[in-house]
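Got your viewer open? Let's take a walk through this model, one selection at a time.

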Amino acid sequence: MGNVIDTSKPVAETRQMFGRRVIKSSATEITDENVVEVLLKALSIHALNRSEIDYLWDYYKGKQPILNRTKEVRPEICNRIVENRANEIVSFKVGYLCGEPIQYVGKSGEESVTAAITRLNELMFAEDKASKDQEIVEWQMICGTAFRLVLPDARGEEDESPFELYTLDPRDTFVVYSNEIGNKPLMAVKYSKDDNEITRYSIYTENRYYLVEDGILKESTPHALNMIPIFEYPANNARLGSFEIVLPLLDTMNNITSNRMDGVEQVVQAFIKFINCDITKEEYEEFLTLGAIKVKSVDGANADVGVVTTDLNQTQTQTLKEDCYNSILTICGMPNRNGGSSTSDTGAAVLLRDGWSLAEARAKDSENMFKKAEKKMLKLVLRICRELSDFDIALKDIELQFTRRNYENIQSKSQVLTTMLDNPKIHPLLAFQHSGLFIDPERAYAMSVKYYEQEQAKVIEQTPTPDPNTNNSGDGK
């Protein structure tokens with residue numbers, strides 16, 4: 001019954017939101033004595049964040065204020081049309097940022113580092129990290145933040161990877177940070193309700209796990225991770241969702257579309273006016289059935305039957321709608337739809353004109369925020385791998401690589417690579433790195449060198465050895 005629309009209410013006003021609040025505490029350490037107190041204080045702030053996340057999640061799915069629209073004049077014609085541009089914005093951002101799997105690449109060309117990076121990517125593939133990254137980015141674009149849980153495999157449930165990755169719902173997950181310099185995370189909380197409607201709070205600190213049920217501490221046990229295993233992935237410092245800043249414009253577009261449909265229906269269902277003529281209800285119903293009517297004038301005055309219509313200016317309405325939509329695209333950093341127009345622009349000029357350069361700039365900003373959180377997560381992953389697996393690699397040797405648009409201007413990149421490789425003063429590795437043709441230039445260079453050496457060895461093997469007794473002087477003797 002929660003999805004039933006109450007049409008008796010007026011149109012809901014656009015909800016004003018300004019990003020999610022960062023939950024902080026003045027506690028210097030979480031202990032058995034203060035964990036419940038810190039939790040209860042944090043929940044009051046989290047409740048506000050949760051309410052806003054719920055609203056944004058529903059908005060993304062299409063449950064928007066226009067669905068509660070009412071009309072005082074001719075209430076029987078009241079269209080409620082959702083033009084879900086919020087979903088369009090989120091889908092574009094997610095697909096553009098991580099439509100291709102995010103890869104780990106090595107910062108050096110050492111064979112041991114390359115082998116370890118390859119193994120790390122294989123472990124992440126076994127955990128289906130690509131789809132979980134998309135879930136993280138989707139939550140970021142909807143509500144401005146996301147959370148990931150990393151735990152070692154439980155005993156008896158070991159698989160190809162020694163760790164497990166989980167994407168958590170930000171509506172029932174939060175991190176409490178310290179007020180001190182650096183804002184170090186003090187604890188992370190994940191909660192849910194069981195079948196008996198009892199709320200269970202799972203709380204992680206750097207070295208302890210707490211279980212709180214309805215404000216009562218039930219469990220306090222140490223863990224060996226030496227890190228908080230829940231990591232926050234904020235979309236930006238303000239924790240703003242991708243369409244949150246244009247909510248008024250999105251609601252305006254829904255209103256325009258709904259009113260335009262009302263205008264069409266009101267023309268079709270226009271009132272009939274009777275001038276200087278008298279007609280009974282029965283005669284009017286007969287008119288509706290037959291489609292024709294005979295009327296008699298009153299007191300000899302000229303009689304007339306017509307309709308009351310006022311046409312909506314569709315051209316002006318479309319101009320207003322397009323202005324709103326272009327403003328939304330510009331504010332959100334999305335490409336526009338000018339690509340269909342005929343112009344003489346080519347290459348980079350098209351990217352600038354159609355807004356793709358702005359989209360790329362916004363994506364790079366999101367990349368940096370994602371990498372910052374990902375490095376913290378990798379510290380725990382590498383620690384688990386060192387203890388439970390047979391390989392080791394330092395965090396400083398790993399770089400996160402987003403693979404979008406790698407094949408843009410591929411011909412130009414190939415020409416740059418060929419030109420640099422033909423220059424004897426440029427090291428070949430620099431050519432691979434700066435051409436922009438490869439996702440992992442160090443690995444591509446190592447593979448290419450190995451392939452070149454193998455091919456050279458084949459050529460040497462297939463070249464016949466000259467016979468020293470053969471006379472090549474050409475004198476016939």
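One word will come up at many stops: a residue is buried when its relative accessible area is under 20%, exposed when over 50%, and partly exposed in between, using a 1.4 Å probe and protein chains only. Keep in mind that this is a predicted model, where local features need pLDDT of at least 70, side-chain atom pairs count only at pLDDT 80 or more, and totals for chains, interfaces and linings use all residues. Residues are numbered from 1 along each chain as its sequence is written, and side-chain values use heavy atoms, with hydrogens and water left out.

**The whole chain**

Start with everything shown. The protein chain has 12 helices and 13 strands. Those are DSSP runs numbered from the N terminus: helices are H or I with at least four residues, strands are E with at least two. Of the 477 residues in the protein chain, 40% are buried. Now for contacts, meaning heavy atoms within 4.5 Å. Take the contacts in the protein chain with a separation of 6 or more: 68% of them come from residues 24 or more positions apart.

**Stop one: helix α3**

Select residues 111-126, which form helix α3. The expected span of a helix is 1.5 Å times one less than its number of residues. For the 16 residues of α3 that gives 22 Å, and the end C-alpha atoms are 23 Å apart, which agrees. Which residues of α3 are buried? Colour Val 113, Thr 114, Ala 116, Ile 117, Leu 120, Asn 121, Leu 123 and Met 124. What do they pack against? Their partners are β2 (103-106), α4 (129-143), β4 (163-168), α9, β13 (398-401) and α12 (441-462). Just past the helix, click on Asp 128, which takes a positive phi of about 55°.

**Stop two: where α3 meets α9**

Keep α3 on screen and add α9, residues 356-388. Two packed helices are described by the angle between their axes and the distance between the axes. Here, the angle is about 100° and the axes are 13 Å apart. The axes are lines fitted to C-alpha atoms, for helices over the stretch in contact, and angles run from 0 to 180 degrees between N-to-C directions. So α3 and α9 are roughly perpendicular to each other; that label covers 65 to 115 degrees, while under 35 is roughly parallel, over 145 roughly antiparallel and the rest oblique. To see the contact, show Leu 120, Leu 123 and Met 124 from α3, then Leu 378, Val 381, Leu 382 and Cys 385 from α9. By class, that contact has seven nonpolar, no polar and no charged residues. Nonpolar here means Ala, Val, Leu, Ile, Met, Phe, Trp, Tyr, Cys and Pro; Asp, Glu, Lys and Arg are charged, and the others, Gly among them, are polar.

While you're on α9, pick Glu 387, a residue of that helix. Is Glu 387 buried or exposed? Exposed, with a relative accessible area of 59%. Glu 387 and Pro 152 are 235 residues apart along the chain, yet their C-alpha atoms are separated by 10.0 Å.

**Stop three: helix α10**

Next, select residues 410-422, helix α10. Its buried residues are Lys 413, Leu 417 and Met 420. Look down the axis of α10: the buried residues fall within an arc of 70°, so they line one face of the helix. That arc is taken from the directions from the helix axis to the C-beta atoms. An α-helix has 3.6 residues a turn, so residues three or four places apart point the same way. The buried residues of α10 pack against α11 (428-435), while the face turned away carries the exposed residues Gln 411, Thr 419 and Asp 422.

**Last stop: a loop**

Finally, find the loop between β10 and α5 (247-268), home of Arg 239. Arg 239 has a positive phi, near 55°, though it isn't a glycine, and is buried at 10% relative accessible area. Ala 238 is in the loop too, but counts as partly exposed at 36%. Leaving aside neighbours within four places in sequence, Ala 238 is in contact with Phe 18, Gly 19 and Arg 20.
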